[in-house]
Every structure is written in C-alpha cells, then in structure tokens.
Amino acid sequence: MPIVLLFSACEEKQKKEGALYTGPLEMVNNVEVKYSELGKLKVVMKTPKRLRFQNETEVFPDTININFYDTTGVIVTRLRSDSGRYDKASDVYIVKGNVRVVKSETEELLKTTELSWSPRTRKVFTDKPLSVINKRTSEITNAIGMDAEQDFTRIKFRKATGIYKFSGPQ
C-alpha cells in the first residue's frame, strides 16, 4: 500500500508545471537601428537598451535619439524621448515621455508626451496634446493630435490654436 501512495505522489509532482515566463527573451545594449529607402539613409535610431519579448514587441526603456535625413544625407530633424517601444502587430514605433523634436532648417521645437512612427507609411502621428514653438518668430502652435511626414516637412495639426505674428499692408 505505501508503494502505491509513493507512486501516486510522484505522478502528481510530474503533472505540476512551472509558471509561464513572460520576461524578455533578448536584451541588447547600445542599439542603433537604420532605415533606408532606395539605398538612401532616412532614419537612424539610437538607444542604450532594447528588450524583445515573445510577441515580438520591443521595449526601449531608456532614452531614445532619432535622426531623420533628407535625400542628400543631411540631418533635417532630431527627436529625443525618455523611452519607447516597437509594436510588431501594428508595425509602429511609439516614443514616450518628454518627447522633443527639433527641425533644423526652421528652428521649430515640437513638445509632446507621445509620438508614433510607422515605417510602412513613413508617417509620424499622435493624438496627445502638443506644442510647436518657432524659435525664429516666437510663434506658438498648440494642438491635440497631429499627422506629419516622417521628416516633419509637412505637419497637419488637429484641434489647433496658436499665437502668430501677422504683418498687414503698410
């Protein structure tokens, strides 16, 4: 009889399973991701760390710096954020926290809490509040949401208000 109990106890232990691991499958330090179109460099993203999970989502827990290039290879826009992630299912990068975008040529600064970028459509967008300050003219645009080209050459604001300088006929 004790043998049966012992056998039964061993069988019960074999049926137990451990907890499912949900942590990162891969951790990479000093990440640099480059995107090109027709052999021309368009975007370079740098971040200290990337974590990749089972569902192919990638998390960038530290500061992210992204440079957007024109057709001649010159940086036209710089982006900085506190963190970000790549959602494989929607093929979208999302940067969060203290997001700052600087357009070199126009000296405009865009500030928001979150921006998304789609490599497939080459568009940047958000539905969060944002402000754009033109350092040359001191003009300010506030909006809730926007859509832009990936290099921020064209921006369409949603629900926008602003402070602008107009000069009428003299």
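**Aromatic pairs and charged side chains in a predicted model**

Biologist: Glu 58 is found in strand β3, residues 58-60. In this predicted model, which side chain of opposite charge is nearest to Glu 58, and how far away is it?

Modeller: Leaving aside neighbours within four places in sequence, Glu 58 is in contact with Arg 50, Leu 51, Arg 52, Arg 85 and Tyr 86. Glu 58 is buried and yet has no salt bridge, since a salt bridge needs a side-chain nitrogen of Lys or Arg within 4 Å of a carboxyl oxygen. The nearest side chain of opposite charge is Arg 50, at 4.1 Å.

Biologist: Which residues do salt bridges with shared partners join into one network, and how many salt bridges are counted?

Modeller: One pair in the model is Arg 154 and Glu 149, whose side chains meet in a salt bridge at 3.9 Å, N to O. Salt bridges that share partners also join Glu 26, Arg 50, Arg 52 and Glu 56 into one network. The count for the model comes to 14 salt bridges.

Biologist: How many residues apart in sequence are the parts that Lys 123 and Glu 149 tie together?

Modeller: The side chains of Lys 123 and Glu 149 meet in a salt bridge of 2.7 Å, N to O. Lys 123 is partly exposed at a relative accessible area of 32%, and Glu 149 counts as partly exposed at 23%. Because Lys 123 lies in strand β9 (residues 123-134) and Glu 149 in strand β10, the pair ties together parts whose separation in sequence is 26 residues.

Biologist: Turning to the rings, what is the geometry of the pair formed by Phe 68 and Phe 152?

Modeller: A search of the whole structure finds six aromatic pairs. Phe 68 and Phe 152 form one with 5.8 Å centre to centre and 85 degrees between the planes; because planes over 60 degrees apart count this way, the pair is edge-to-face.

Biologist: Is Phe 68 buried or exposed, and where in the chain does Phe 152 lie?

Modeller: Phe 68 has 2% relative accessibility and therefore counts as buried, and Phe 152, at 1%, counts as buried. The pair links distant parts of the chain, 84 residues apart, with Phe 68 in strand β4 (residues 64-69) and Phe 152 in the loop between β10 (140-149) and β11 (155-157).

Biologist: Which class describes the pair of Tyr 86 and Tyr 93?

Modeller: Tyr 86 counts as buried at 10% relative accessibility, and Tyr 93 is buried with a relative accessible area of 10%. Tyr 86 and Tyr 93 also belong to one aromatic cluster with Tyr 35, Phe 60 and Trp 117. With 4.5 Å centre to centre and 40 degrees between the planes, the pair is tilted.

Methods. Residues numbered from 1 in each chain as written. Predicted model: local features only at pLDDT ≥ 70, side-chain atom pairs only at ≥ 80, totals over all residues. Heavy atoms only, no water. Phe/Tyr/Trp six-rings, centres within 6.5 Å; stacked < 30°, edge-to-face > 60°. Helix = DSSP H or I, 4+ residues; strand = E, 2+ residues; numbered from the N terminus. Buried < 20%, exposed > 50% of the residue type's maximum accessible area, 1.4 Å probe, protein only. Lys, Arg positive; Asp, Glu negative; His and termini not counted. Contact = heavy atoms within 4.5 Å.
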